[in-house]
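The following exercises concern a strand arrangement, a helix and a pocket. Please work through each task before reading its solution.

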Amino acid sequence: MARGGRGQQGEPTDWVTRAADDAIRHAGEGNLVTCASGISPSGPIHLGNLREFLTVHFVVEEVRRRGVEVRHLHSWDDYDRFRKVPFGVDESWNDHIGRPLSAVPDPWECHTSWAEHFKQPLRDALAEMGCEMHEVNQTEMYTAGAYREQILGVVRRRHEIDEVLGRYRTKAPDTENAQEAAALEDSVALDDESSGSGDLARFPFKPYCRGCGRDTVTITGYDDETTDLAYVCDSCGDSFVTNLATPDEGKLVWKVDWPMRWAYEKVDFEPAGADHSSPGSSFTVGHELVEKFWDWPRPSWFGYSFVGFAGMTKMSSSKGGVPTAEDALRVLEAPILRWLYVRRQPRQAFDIDFGPEIIRLYDEWDALGRKAADPSRRDAHVLAFERAAATSTAGRLPTPEVVVPFRVLSSVADVTAGSGEQISRIVSDVGHPHASVAELEPRLSKAIGWIEEFVPAEDRTLVRDVADADRLGRLTEDEQRWLMLFLHRLGSADDLDHVTALVYGVPKLALGMDVSDDPTDEVKADQKDFFRLLYQLLVGADRGPRLPTLVVALGAEKVRSLLTAG
């Protein structure tokens, strides 16, 4: 979790502190610090990808907190090729394979391109989390000729560069994790090198066909004096000649493109996922290339591990079961989602569980908030809370004015079918007074969203419409006595403390004990049987939400109608 220490002034430190130290040191005193992230918008940008953005964001926030000029530079690698048609997309999109992501139309017809379709939900989620970044679209950079001199330089020194690349081609990926291995294979596939023969076999620049827009080309010739590049397209069959000094019709291969951009943008810090930081991967090759060919010191960095997912049984198949930040923010307050990433060491893999575990997560967050309110208890855990709860530009991120435990809100939302007014009334009745529903937001909406979207139907609470006459007709003598005592003392059922004491106290009363007496083994056994009876009669199941909350939520009239034979 939040492993850290103490700085020179006794302040807590963590991985963010150390990364910011390295970034500032790399930039040099008085210079702008550039922290970079990047991703190819080839599909849903899931919660594993989110670590790329948030890791850089937290480091930028720490640098800015120290009064140092800094920027979060994010590259959208939307000039990468469209590689495959995912499940659920019309097979006609196979015609676009090999074209830039920015040139592939949006099959859902809600954005200007395939790339934009997947960028925008992430932008919206980052805005909700208070993250700001300077965006660079690589399509715009390449087609505007921003890298023209760099491209010409790479091609002039292509043989030297290929010697470096060649040393890494035989290195095997150093990973035993199946997910990491699959991602590494995916990253290698992204690094398609230009096809040709002889001297042109590993040409570091790959053009997009002038005729059909695909990169499925075979290079047939290159003139170093004129910088004319000849190629034939394997898709449309046409042949063209492009001049690297004038038109801008292609891009550098990935393992050369990345270090080139480090030098161009003067990047001081950029982390990398496990798929890019293994031996022979883009990152390790890039470190050598950027220093040898662009005279820029390799950025400070560290590798970060993967993020897994659980409790996603209700995810739409159109998203392939891969949760995004947008999905997570339907059930998690923005500071809590941020906290999941900042509280752990970057190399620590973790899962985000959208099942019952989410209740414990909210409880942990609320407990940490209470600890953070005491300055004498400030440590690395509180530091992680502070980083998650606010940003330098947005200030404190939205949290409920009246903090109600998520387990209470979700239980009440379940039995009231998400009715905001009923939830508000019941929440007040169970000990959380508030002036308006707005004071419960955003947590109330998150609780309703979790119940509706992430809790399987078989685990939902369905209150009976009418009493179960058959079950009431088969009550044992003990069960009859329990229900009589319960209904006699229930009253208006609007005081949670009273109902709680009654639910646990009825079996004691039936044995001639006082409700305040410590339970005996016999009482504990009777309590389990009594609880099961109440669940069966109220919701037709052997278990359900916390009984006192359920009783208060239903109200005395409804409870009496279900526990009494007609």
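**Exercise 1: a sheet**

Six bridges, written 6 in the count, join β7 to strand β8 (residues 228-233), and the two run antiparallel. The model is predicted: local features need pLDDT of at least 70 and side-chain atom pairs 80 or more, while totals for chains, interfaces and linings use all residues. Residues are numbered from 1 along each chain, and side-chain values use heavy atoms, without hydrogens and water.

Task: determine which strands stand at the edges of the sheet.

Solution. Strands are DSSP runs (E, at least two residues; helices H or I, at least four) numbered from the N terminus, and two of them pair if DSSP finds at least two bridges between them. The order of the open, antiparallel sheet is β7-β8-β9. β7 (217-223) and β9 (239-243) are therefore the edges, for each has a single partner strand and one side without a neighbour in the sheet.

**Exercise 2: a helix**

Task: establish whether α16 is largely enclosed or open, and what covers its buried residues.

Solution. Buried means under 20% relative accessible area (1.4 Å probe, protein chains only). In α16, 8 of the 11 residues are buried, so this helix is largely enclosed by the rest of the structure. Among the buried residues are R443, K446 and W450. The cover includes α3 (114-128), α12 (357-372), α14 and α15 (420-429).

**Exercise 3: lining contributions**

Task: identify the helix that gives the most to the lining of the second largest pocket.

Solution. Both α14 (406-415) and α16 (443-453) supply at least two lining residues each. α14 gives the most, with 5 residues.

Technical notes:
Buried means under 20% relative accessible area, exposed over 50%, partly exposed in between (1.4 Å probe, protein chains only). Contact means heavy atoms within 4.5 Å.
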